[in-house]
Amino acid sequence: METTEVDPFFSTLIDKFNEMKKRSVISCGSIPRLLTALIAIIASWSISNAQVGLKTNLLYDATATVNLGVEFPLAKKWSLDLSGNLNSWSVNDHLWKHWLAQPEARYWFCDRFSGHFLGIHALGGQYNLGNISGLPDFLGTHFSTLEDTRVQGWFAGAGIAYGYTWILGKHWSAEAEIGIGWAYTRYDRFPCAQCGSKIQNDKTHNYFGPTKAALSLIYVF
């Protein structure tokens, strides 16, 4: 029977995860340590195998949202981008609390990590939004209601994207990407940002529109 060789990166990552699992240290408090270990593994793997990019989305940075992305090669013209962000605080009494995870498979037209690419991504997360004015209604989604009410729920979906990467130097690149797609969400609505009584319970909505926007700065190991 033919056997499939496991990539050294995934083998090392799996061993590290199993070690932490045996020690029962995988919890919310251990996530930063696990993330640090993941970055260290990626860096050491990339030095001896292939390029790996560590990135931040400047659009999320502008909204005080912590975010991190990692991209590594899968094949000659394919790569996998893993990104996530977290905002768990209020800014000027505006609720913009959420977390989002977004894996994406990318096909590069020329060289990997340079030039044009197409992506197929999934997305999922949770949100708590309210007291946000000036948002327009868009393709059947009533964002304008966030000025007077608060919504809290979860979402999951998928989309397609186009992007371009510019090489700035030996280790630095810049990337622009825009994606569209669909997301299913289930939420509760409250009359104001700080109120606890519900005016809508367990509502559902199908969103169609932009699912990804990025202006990223990338460090390539």
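This report describes the overall make-up of a predicted protein model, then its salt bridges, its nonpolar core and one residue beside that core.

## Basis of the model

Because the model is predicted, local features need pLDDT of at least 70 and side-chain atom pairs count only at pLDDT 80 or more, while totals for chains, interfaces and linings use all residues. Residues are numbered from 1 along each chain as its sequence is written, and side-chain values use heavy atoms, with hydrogens and water left out.

## Overall make-up

The protein has three helices and nine strands, where helices (H or I, at least four residues) and strands (E, at least two) are DSSP runs numbered from the N terminus. Along the sequence these elements follow the pattern α-α-β-α-β-β-β-β-β-β-β-β.

Of the 221 residues, 34% are buried; buried means under 20% relative accessible area, exposed means over 50%, and partly exposed lies in between (1.4 Å probe, protein chains only). The protein exposes about 12,900 Å², of which carbon and sulfur atoms supply 63%, with areas taken from the Shrake-Rupley method with a 1.4 Å probe, where for residues only the protein chains shown count as cover. Among contacts (heavy atoms within 4.5 Å) between residues at least 6 apart in sequence, 58% join residues at least 24 apart.

## A network of salt bridges

A salt bridge is a side-chain nitrogen of Lys or Arg within 4 Å of a carboxyl oxygen of Asp or Glu, and by this rule the count comes to twelve. Lys55, Glu71, Asp81, Glu104, Arg106, Glu175, Glu177 and Lys212 are linked in a network of such bridges.

Within this network, the side chains of Glu71 and Lys55 meet at 2.8 Å, N to O; Glu71 lies in strand β2 (residues 66-75) and Lys55 in strand β1 (residues 53-57), so the pair ties together parts that are 16 residues apart in sequence. The side chain of Lys55 also forms a salt bridge with that of Asp81 (3.0 Å, N to O), and because Asp81 belongs to strand β3 (residues 78-87) and Lys55 to strand β1, this pair joins parts 26 residues apart in sequence. Glu71 in turn meets Arg106 in a salt bridge (3.0 Å, N to O), which links distant parts of the chain, as Arg106 is in strand β5 (residues 94-108) and Glu71 in strand β2, 35 residues apart. Relative accessible areas are 3% for Glu71, 6% for Lys55, 2% for Asp81 and 0% for Arg106, and each of these residues is buried.

## The nonpolar core and Gln152

The largest nonpolar core has nine residues, namely Leu100, Leu123, Tyr127, Leu129, Ile132, Leu146, Val151, Phe155 and Tyr187; such a core is a set of buried Ala, Val, Leu, Ile, Met, Phe, Trp, Tyr and Cys residues joined through side-chain atoms within 4.5 Å. Strands β6 (115-130) and β7 are the elements that give two or more residues to this core, and the largest share, three residues, comes from β6.

Gln152 lies in strand β7 (residues 150-167) and is partly exposed, with a relative accessible area of 37%. Gln152 and Asn128 are 24 residues apart in sequence but 4.3 Å apart in space, C-alpha to C-alpha. Not counting residues up to four places away in sequence, Gln152 touches Tyr127, Asn128, Arg186, Tyr187, Asp188 and Phe190.
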